[in-house]
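Thanks, everyone. I have one structure to go through today, and I will keep it short. Please have a look at it first.

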Amino acid sequence: MADESQTSATNPTPAPTAGSFGTFVGPHLPVLLRVAGSLCRNTHDAEDLVQDTLIRAFKALDGFDGAYPRAWLLTIMRNANINRNRRQRPGLLHDATDLEGVADRRNAPSPSAEDVAATRAPAPWIADALGRLSPRHLQVVQLVDVDGLTYDEAAAALGIPAGTVMSRLHRARHRMRAHLSHHPDFRSETR
Amino acid sequence: MTPHAMLDMFRRKGGARCIEIGRQIQTYLDDGLDPASAAKVASHLHACRRCGLTAEDYRRLKSALAETSTPMPAEPLQRLQALAADLATGDKPT
Ligand SMILES: [Zn+2]
């Protein structure tokens with residue numbers, strides 16, 4: 001009895017079964033693809049990475065207790081990404097490969113006309129402020145403030161402690177705000 | 001610097017309370033504070049114009065960043081959903 005209540009307290013979602021894998025991962029696919037886009041240089045690689053992730057997750061399903069499914073999937077994606085980078089570029093250090101995707105996002109190929117039509121262009125001042133961040137800072141801003149991950153989920157995706165995510169994120173926002181404080185478009189709305 | 005000048009600077013900067021609140025503003029906006037701390041920050045932001053404007057800046061920054069998020073294209077998502085379904089039914093050899 002005590003065991004059961006403990007399990008339900010820490011484990012509100014039942015562990016998924018092989019047969020329910022599709023319905024289990026379905027709701028997480030947009031976030032996985034979004035984060036993969038933050039880790040890869042182009043949309044094709046991002047889709048490949050999510051495919052790898054799904055196959056690995058399916059194989060690992062037996063060992064998963066059902067708690068924090070998004071963080072679990074993001075941890076698998078991080079490992080899959082390290083593996084891919086190692087395969088494609090032997091000799092590079094993990095930490096360096098981790099940063100590549102986001103660092104290159106600024107130089108990513110132009111989106112298709114359809115993508116552009118579906119997206120409102122961001123304010124030039126925000127693009128300018130993002131462009132000034134270091135790769136490490138850009139990465140956490142992308143994952144938390146743009147992609148909508150929690151600190152814990154971003155920590156899982158990057159393989160770093162949640163406290164590090166928070167301190168990097170806060171420093172990055174602090175720098176963006178300092179830069180934007182001189183920008184008329186950022187300030188004119190309130191002052 | 002004379003003690004008077006230091007005190008003056010301290011006042012202009014908003015004082016120890018503002019410094020303490022300033023360290024918590026981002027965590028507060030990220031819903032990362034416990035309820036008691038969050039209530040303290042909220043009441044300070046309401047009463048102190050300087051800290052209130054700082055919080056406004058971070059709110060505006062966060063919402064502008066969220067708006068840069070692009071919608072995920074439907075086709076890759078459909079392919080990935082199909083892969084997940086194939087894995088579930090055993091149609092896809094792993
Ligand atoms: Zn204050």
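I will start with two cysteines: Cys18(B) and Cys51(B) are both buried. This is a predicted model, so that statement, like the rest, is computed from predicted coordinates.

What do these cysteines bind? Together with His44(B) and Cys48(B), Cys18(B) and Cys51(B) are the protein donors of the zinc ion. The cysteines donate through SG and His44(B) through NE2, at 2.0 to 2.3 Å from the metal. Angles between the 4 donor atoms run from 100 to 112°, and the arrangement is therefore tetrahedral. Along the sequence, the spacing of the donor residues reads C-x25-H-x3-C-x2-C. Cys18(B) sits in helix H2, residues 15–29 of chain B, while Cys51(B) sits in helix H4, residues 49–67 of chain B. The two are 33 residues apart, and the pair links distant parts of the chain.

Next, a helix pair in chain A. Helix H9, residues 135–146, and helix H11, residues 162–180, have axes that come within 9 Å and cross at roughly 100°. At an angle between 65 and 115 degrees, H9(A) and H11(A) therefore count as roughly perpendicular to each other. Residues of H9(A) in this contact include Val140(A), Val141(A) and Val144(A), and on the H11(A) side they include Val165(A), Leu169(A) and Ala172(A). Charged residues take part too, among them Asp145(A) from H9(A) and Arg168(A) from H11(A).

Last, confidence. Chain A has an average pLDDT of 80, with 74% of its residues at 70 or above. Residues 1–11 of chain A fall below 50, and this stretch makes 4 contacts beyond near neighbours in sequence. Residues 91–111 of chain A also stay under 50, with 35 contacts beyond four places in sequence.

Conventions. Residues numbered from 1 in each chain as written. Chains lettered and ligands numbered in written order. Predicted model: local features only at pLDDT ≥ 70, side-chain atom pairs only at ≥ 80, totals over all residues. Heavy atoms only, no water. pLDDT = per-residue confidence, 0-100. Contact = heavy atoms within 4.5 Å. Donors = N, O, S within 2.8 Å, 3.2 Å for Na, K, Ca; no water. Tetrahedral: all angles 85-135°; square planar, octahedral: opposite > 155°, others 65-115°. Helix = DSSP H or I, 4+ residues; strand = E, 2+ residues; numbered from the N terminus. Buried < 20%, exposed > 50% of the residue type's maximum accessible area, 1.4 Å probe, protein only. Axes fitted to C-alpha atoms, helices over the stretch in contact; angles between N-to-C directions. Parallel < 35°, antiparallel > 145°, perpendicular 65-115°, else oblique.
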